[in-house]
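Here are my notes on the structure you asked me to look over, set out as numbered points for you to follow alongside the coordinates.

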Amino acid sequence: MVSSVARTPLNSVVVQRRSKNKSYRQSYRSCLGAASRLCFTPGLTARRLNASRRAPKSRDITEKVSPEQLALLMKTEWQLSYITPLYQFRHTQLRSYSRQLSAFIAAEKQQGLAMEVEGPQSSFRVSFSVVQGMVETDDDAETVFIQIHSKSLFDRQDEPQRSVWRGWLSCINGNPDYLRSLPKDFICLPLFGSSGAEGLTCVVKSWFQQTFDCCFGPLEISNTSLQWLLALWTHCHMESSIQHLKMNWTVPVVPPLQVTYTVNPQDAWELWSSVRKDHQEENEGGEEVKDESIVDIDEVMRFTQALKSHFYRHFRLDLSAGSLNQVSTALGSAKCSGRIKISNSKYMITTLTLLTECALLKMPI
């Protein structure tokens with residue numbers, strides 16, 4: 001059931017709707033960097049990832065987010081995209097959006113544009129819902145979850161529809177300066193995850209673009225972001241066992257060499273603790289005292305280098321010449337292609353905060 005008390009940030013007000021054609025053309029121009037309603041907002045593409053962030057701590061977010069809704073987000077591998085701010089999106093209109101998107105999919109299917117699903121489908125039913133409580137600041141908009149259900153023409157009449165596609169839009173600890181600079185009729189849910197047939201993903205994105213004057217783009221997870229996850233997840237080991245620390249590297253030889261590097265979790269945590277202790281001792285006597293609750297990029301890079309040095313001592317192969325493609329632990333996994341899986345809700349906010357930051361930095365406006 002969709003609740004009507006879901007919060008849209010205060011910088012959103014109702015204004016007159018534009019025609020869809022004009023909206024879509026403007027969204028297209030926005031993606032190309034031309035003038036748009038957002039042309040006076042600060043450009044984020046010149047910024048970089050934060051050089052420091054709070055060390056993750058175990059949090060029971062089921063105190064504010066229902067376990068049923070969390071289960072929808074957990075243990076599924078999501079393909080990430082970024083999405084620019086949405087024009088006149090309202091959390092109170094989710095029932096209407098469900099009907100509109102259902103009708104849009106039906107129209108696209110009739111034209112033969114939404115057929116990339118498993119087997120012939122008789123109909124599609126769309127549901128939008130709010131993941132209540134999945135916010136961290138007053139500037140964050142509530143996370144929205146979307147499901148598409150369908151039933152095969154060959155199913156019995158009494159068989160229920162099954163979920164064929166799922167997706168969500170989120171903003172966790174979004175950059176406050178950017179969020180507050182948006183025009184009043186835009187809200188920002190920059191992180192988009194999808195799981196299901198690519199054809200349906202394209203149709204959903206097309207509907208959003210035409211309805212809310214937004215655009216999508218691929219969200220790869222950079223080498224630096226993977227290293228952040230490597231360090232942050234290892235940091236959690238003493239509170240929640242990571243069970244393993246697994247990395248996939250590609251070394252640029254002919255043909256390219258794929259390396260899978262797995263580290264004992266206790267060894268990884270001791271190495272991370274050693275790096276943090278050495279960094280703190282180096283800073284002793286300085287003007288600023290290192291806050292132990294903060295992790296900075298220098299520690300992250302040193303940790304990664306220590307792991308590469310350990311690998312070199314054993315196998316005489318220098319991973320510094322290669323690229324980190326994937327990181328996985330019992331807490332989750334992340335791939336450079338933009339695929340993410342969260343397996344432990346206690347550290348979900350830490351992961352989504354980093355990914356929200358990546359999405360905001362990737363946006364062209």
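The points below go from the whole chain to a pair of helices, a pocket and a single residue.

1. Please keep in mind throughout that this is a predicted model. Its chain holds 9 helices and 15 strands, and of its 365 residues 51% count as buried. Among contacts between residues at least 6 apart in sequence, 75% join residues at least 24 apart.

2. The packing of helix H6 (residues 223–235) and helix H8 (residues 297–315) deserves a look, since the axes of the two helices come within 9 Å and cross at roughly 85 degrees. An angle of 65 to 115 degrees counts as roughly perpendicular, and H6 and H8 are therefore roughly perpendicular to each other.

3. Which residues make the contact between H6 and H8? From H6 come Thr 224, Gln 227, Trp 228, Leu 230, Ala 231 and Thr 234, while H8 contributes Ile 297, Val 300, Met 301, Phe 303, Thr 304 and Leu 307. Sorted by class, the contact of H6 with H8 has 8 nonpolar and 4 polar residues, with no charged residues.

4. The largest pocket has a volume of about 360 Å³, and 16 residues line it. Of these, the closest to the centre of the pocket are Arg 54, Ala 55, Pro 56, Asn 173 and Thr 350, which would be a sensible set to display when you inspect this region.

5. As for where the lining of the largest pocket comes from, the elements that give two or more residues to it are E1 and helix H9 (348–362). The largest share, 3 residues, comes from H9. By class, the lining has 6 nonpolar, 4 polar and 6 charged residues.

6. Is Arg 48 buried or exposed? Arg 48 lies in the loop between helix H1 (20–31) and strand E1 (52–54), and with a relative accessible area of 62% Arg 48 is exposed, because the cut-off for that class is over 50%.

7. Arg 48 also takes part in a pairing between distant parts of the sequence, for Arg 48 and Leu 361 are 313 residues apart in sequence and yet 7.2 Å apart in space, C-alpha to C-alpha. If its neighbours within four places in sequence are left aside, Arg 48 is in contact with Glu 357 and Leu 361.

Definitions and conventions:
Residues are numbered from 1 along each chain as its sequence is written. This is a predicted model: local features need pLDDT of at least 70, side-chain atom pairs count only at pLDDT 80 or more; totals for chains, interfaces and linings use all residues. Side-chain values use heavy atoms; hydrogens and water are left out. Helices (H or I, at least four residues) and strands (E, at least two) are DSSP runs, numbered from the N terminus. Buried means under 20% relative accessible area, exposed over 50%, partly exposed in between (1.4 Å probe, protein chains only). Contact means heavy atoms within 4.5 Å. Axes are lines fitted to C-alpha atoms, for helices over the stretch in contact, and angles run from 0 to 180 degrees between N-to-C directions. Angles under 35 degrees count as roughly parallel, over 145 as roughly antiparallel, 65 to 115 as roughly perpendicular and the rest as oblique. Ala, Val, Leu, Ile, Met, Phe, Trp, Tyr, Cys and Pro count as nonpolar, Asp, Glu, Lys and Arg as charged, and the others, Gly among them, as polar. On a 1 Å grid over the protein atoms alone, a cavity is a set of points where a 1.4 Å probe fits but cannot get out, and a pocket is an open set with protein on both sides within 12 Å along at least five of seven lines; lining residues have an atom within 4 Å of a point. Grid points are joined across faces, edges and corners, and a volume is the space filled by probe spheres set on the points.
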